[in-house]
Amino acid sequence: MRGSWCLLVLACAAPQVAWGRASPELAQAAAPGEAVSAEAEQPSPASNPSLNEQAPVAAEPVSAESSASEDAAKVSKQAEVVAGPGASTTSASSTPAEASQDEVPVARTVVTASRTQERLGETPVATEVITRADIVASGARDASELLAAHPGLEVVQTFAGASLQVQGLGPEYVLVLVDGERVAGRVAGSVDLSRLSLEDVEQVEIVKGPSSVLYGSDAVGGVVNFITRRARKPLGGELRVAYGELERLDLDATGEARGESWGLRLSGGLQRRASYDLEPADVGTTGSSLEGFDVSASGDLKGEGPLSLEGSAGFSRRTQRGVDLGVAGAVFDRASRDTSINSRLAPSWKLNSGATLRVEGSYSHFQRRYLRDQRRASALDTVEDTREQQGRLGTQLDARVGERHAFVVGAELLGEWLVADRLETGEGDRGRASLYAQDSWTLATGPKLVVVPGARVDVDTQFGTAVTPRLAAKVDPLSWLTVRGSYGWGYRAPGFQELLLDFENPSVGYSVRGNPDLKPERSRSFSVSTEVRPSDASLIWVSAYQHALRDMIGTTLQQGGEQQLFTYVNVARARVRGGELGLRQRFPWRLSGEVAYTLTDGHDEELDRALEGQALHRLTAQATWRHREWGLETWVRAALVGKRPFYPDTDGDGLANPYKSEAYVTVDARIAWRARESLQFFVLGSNLADAGNPTDLPIPPRTFQAGLSFRL
């Protein structure tokens, strides 16, 4: 344990995954609508992946010799620190191997908070960004590893995979998007983040709090949007390979080409990992083995007229295997295979200098085949198939009226179809029609005050009409001070599992039935945040939030005995409140760092107890040290998580047997050496404090991995 604390102290000493909101001063470094990629090497007309508009042109890389001016140096220093928690930067401390080492960083644009392009520092709704630079520096191999130590977020390993909690709310309240499209394939209400590889992700945008005004159901806790990369070079490619303990192999390759009016990008990845066991005394495994691959293609086309077009398609397959133990001593060999297909086509028209019309159509298909084979018997063998399809058609008008109003008006149709052996009827389907609108209204320019009223109306074929308004505001009373606040309603429609489930587990002695009479859950949420920039080298931020939920869906015991029967009901009410306090600081000797404390107080008002699995206290830290002349870059992150309450029924009497888990520390680190401009070697260490247990923290043990990356 002493070594773990030493590593945590080390992590607090230097810089981070660049998060936050860019300062007004930094945002002014870019012209309106401009963004610079962490990998920019030349101007490019690539389209914004979520806007279907012509993308901001990437800046030319600036060499150390050519960037000696005081203005360029000042911008570079500001970008390292001043862009608040979640800021998108390409500072010297976070520039990836793929980027030009001497680029001058400027502010980026984001799209998730308002579904339209806006500069990061100007968005009234607080948006946190993890850049491509940070993804590479962290060495994260999938979305679950990338988000594991982010303030206000928590990745939880369950039988359904790596699920995401935001501000104390479970994965069913978090909407996960890729290029603005919902990720299909929720299992037990959550999207398995380990399914989402990162070789083709440009940046991750995180909006905490109620976002239902623009995204509808499931966005109560927040939205996480993975923005994919677009072609920027006339011809280029990348290759990254790593191998390590648990026989883990990760292989990623990308290629791209760009012409004057078109771009094409191809990518693929291969993953492999052996199973692991945190309880070697029995034959069961804690974590499954993994074999998987994914391929994707994206392109964009811009003609001489007002029309532009972009599209993408992807395919992935993952197979996992493990060994489970039944309560009566039975041993089960388990295997699951997940197959995902997705496609998207999005034309847009530039109507005039202040208005753009976009149309988006998408289709996704998710299939899971699950097998459980009882050793030396067949009575409890199971084979289950689940097929989910999702289609969306949407249109949106972005219009700027004068200097003070920016409107977003949109409509969409969403259809969902599920065929599963666990459903009582074997299948389910529903549709949803939606209208949404918001106005970014600049009430004053000195100090700048922006108010954003908005509302969304959803008409569901099963649950009728839901109205979700939101009001957000941003004010910069001083050049070094920014204040944001928002209040909104949210809702979550019950999933097919909660409505139609018919599942029996005879090896454990229980069954679960769905309830077609369930009502949607409702929420009322508010948040406020303040950012203080006392100097070019420092940033302090503090935030607070509260979610009040009613008609929460929970399970209740319908009958006891040897075979327990549970069903879903609208019985629970909960209140979740908390806040964050953080500091980013740039130190001498090429050091910079960030440390953040998160308080999450979740309470089940129906049962009068703390929410299960949610720690009250959490401390996170990010650190980087980079020496350009030597070609060295080091990155460290750590998380200290307090005790968490759990309420299992260990004796089968239908009553909880509560306990609190022990606090734990996780530490990850990466060191990289650039042998030459196109070649880099690296070593990655995961869970260096060796946290984890098979009961309530089934995360992989301490592992090391080494590899190289090559860029054409």
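Buried means under 20% relative accessible area, exposed means over 50%, and partly exposed lies in between. Keep that scale at hand for the exercises below, which work on a predicted model.

**Exercise 1. Is Trp 630 buried or exposed, and which geometry does its ring pair with Trp 625 adopt?**

Step 1. Start with the surface. Trp 630 has a relative accessibility of 54%, so Trp 630 counts as exposed. Its partner Trp 625 is partly exposed at 22%.

Step 2. Recall what to look at: a pair of aromatic rings is described by the distance of the centres and the angle of the planes.

Step 3. Count the pairs that qualify when ring centres must lie within 6.5 Å. The total is four aromatic pairs. In one of them, the centres of Trp 625 and Trp 630 are 6.5 Å apart and the planes meet at 70 degrees, so this pair is edge-to-face.

**Exercise 2. Classify the pair of Trp 673 and Phe 681.**

Step 1. The ring centres are 6.1 Å apart, with 20 degrees between the planes.

Step 2. Planes under 30 degrees apart count as stacked, and stacked is indeed the label for Trp 673 and Phe 681.

Step 3. Add the accessibility. Trp 673 is partly exposed at 42%, and Phe 681 is partly exposed at 35%.

**Exercise 3. Which residues stand opposite Ala 669 in the strands that pair with β34?**

Step 1. Look at strand β31 (residues 632-641), which runs antiparallel to β34 (residues 664-676) and is joined to β34 by 10 bridges. Here Val 636 is the bridge partner of Ala 669.

Step 2. Now turn to β35 (residues 679-686), also antiparallel to β34, with seven bridges between the two strands. In β35, Gly 685 stands opposite Ala 669.

Step 3. Trace the connection: β34 and β35 make a hairpin, with two residues between them.

**Exercise 4. Which parts of the chain does the salt bridge of Asp 333 and Arg 375 tie together?**

Step 1. Side chains of opposite charge can pair when their charged atoms come close. The whole structure holds 47 salt bridges.

Step 2. For Asp 333 and Arg 375, the closest N and O atoms are 2.9 Å apart.

Step 3. Asp 333 belongs to strand β15 (residues 331-352), while Arg 375 sits in the loop between β16 (355-374) and β17 (382-401); the pair therefore ties together parts that are 42 residues apart in sequence.

Step 4. Both ends reach the surface in part: Asp 333 is partly exposed at 29%, and Arg 375 is partly exposed at 33%.

**Exercise 5. Are Glu 594 and Arg 584 buried or exposed?**

Step 1. Confirm the contact first. Glu 594 and Arg 584 form a salt bridge whose closest N and O atoms are 3.0 Å apart. Glu 594 lies in strand β28 (residues 591-604) and Arg 584 in strand β27 (residues 564-587), 10 residues apart.

Step 2. Apply the scale. Glu 594 has a relative accessible area of 2%, so Glu 594 is buried. Arg 584 is buried as well, at 2% relative accessibility.

Step 3. Try another pair for practice: Asp 476 and Lys 474 form a salt bridge with the closest N and O atoms 2.6 Å apart. Asp 476 is buried at 12%, and Lys 474 is buried at 3%.

**Exercise 6. Which arginines lie over the faces of Phe 332 and Trp 489?**

Step 1. Over Phe 332 lies Arg 372, at 4.6 Å from the ring centre.

Step 2. Over Trp 489 lies Arg 524, at 3.7 Å from the ring centre.

Key. Residues are numbered from 1 along each chain as its sequence is written. This is a predicted model: local features need pLDDT of at least 70, side-chain atom pairs count only at pLDDT 80 or more; totals for chains, interfaces and linings use all residues. Side-chain values use heavy atoms; hydrogens and water are left out. Rings of Phe, Tyr and Trp (its six-membered ring) pair if their centres lie within 6.5 Å; planes under 30 degrees apart count as stacked, over 60 as edge-to-face and the rest as tilted. Buried means under 20% relative accessible area, exposed over 50%, partly exposed in between (1.4 Å probe, protein chains only). A charge sits over a ring if NZ of Lys or CZ of Arg is within 6 Å of the ring centre and within 35 degrees of the ring normal. Two strands pair if DSSP finds at least two bridges between them. Helices (H or I, at least four residues) and strands (E, at least two) are DSSP runs, numbered from the N terminus. A salt bridge is a side-chain nitrogen of Lys or Arg within 4 Å of a carboxyl oxygen of Asp or Glu.
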